[in-house]
Amino acid sequence: MVEEINDASSSLNKNSKPDDPLSQVVRVLNSHLTQLQQIDQGANALKLKVAAAEKASRSLGPTNGFNGPSSDAADSFYRSFMGKR
């Protein structure tokens, strides 16, 4: 679909004047498409980092200060804050 949009955009760019409203809309949409692609790449990179962090946190096991993933987080925080581990 992106290729179809790029093809249509390039044909419009060749046949239109810079002041034409349609060419202005195409430029704006191309800019938005580029930004959305960058956001998508960033989101994918973030997803990989989150997955790596989750994997690393699972490897810590019950010694992570919160008595493992199955305990109540608020209770664990309170105990660690009060020093009653």
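Phe 77, Tyr 78, Phe 81 and Met 82 make up a nonpolar patch on the surface of this predicted model. Together these four side chains account for about 480 Å² of accessible area. One of them, Phe 81, sits in helix H3, which covers residues 73-82. Phe 81 has a relative accessibility of 63% and therefore counts as exposed, the cut-off being over 50%.

The patch belongs to a chain built from helices: the secondary structure comes to 3 helices and 0 strands. Read from the N terminus, the order of elements is α-α-α. Of the 85 residues in the protein chain, 8% are buried. The chain exposes about 7,200 Å², and carbon and sulfur atoms contribute 60% of that area.

Helix H2 takes up residues 21-60. Its 40 residues, at 1.5 Å a residue, should span 58 Å, and the C-alpha atoms at its two ends are 58 Å apart, so the expected and modelled spans agree. Within H2, the buried residues include Ser 23, Val 26 and Leu 33.

H2 also holds a charged pair. Glu 54 forms a salt bridge with Arg 58, and the closest N and O atoms of the two are 4.0 Å apart. A search of the whole structure finds 1 salt bridge. Both partners lie in helix H2 and are 4 residues apart, which is about one turn of the helix. An α-helix has 3.6 residues a turn, so residues three or four places apart point the same way. The two partners are assigned to separate accessibility classes. Glu 54 has a relative accessible area of 41% and is therefore partly exposed, since that class runs from 20% to 50%. Arg 58 reaches 59% relative accessibility, so Arg 58 counts as exposed.

Confidence varies along the chain. The mean pLDDT of the protein chain is 78, and 75% of the residues score at least 70. Among the elements, H2 has the highest mean pLDDT, 91. The lowest mean, 70, falls to helix H1, residues 2-15. Where pLDDT is low, the predicted coordinates should not be read in detail. The salt bridge between Glu 54 and Arg 58 lies in H2, the element with the highest mean pLDDT.

How values were computed. Residues numbered from 1 in each chain as written. Predicted model: local features only at pLDDT ≥ 70, side-chain atom pairs only at ≥ 80, totals over all residues. Heavy atoms only, no water. Buried < 20%, exposed > 50% of the residue type's maximum accessible area, 1.4 Å probe, protein only. Areas by Shrake-Rupley, 256 points an atom, 1.4 Å probe, with all protein chains shown as cover. Expected span 1.5 Å × (residues − 1). Patch = residues over 30% accessible without salt bridge, like charges linked within 9 Å, V, L, I, M, F, W, Y side chains within 5 Å. pLDDT = per-residue confidence, 0-100.
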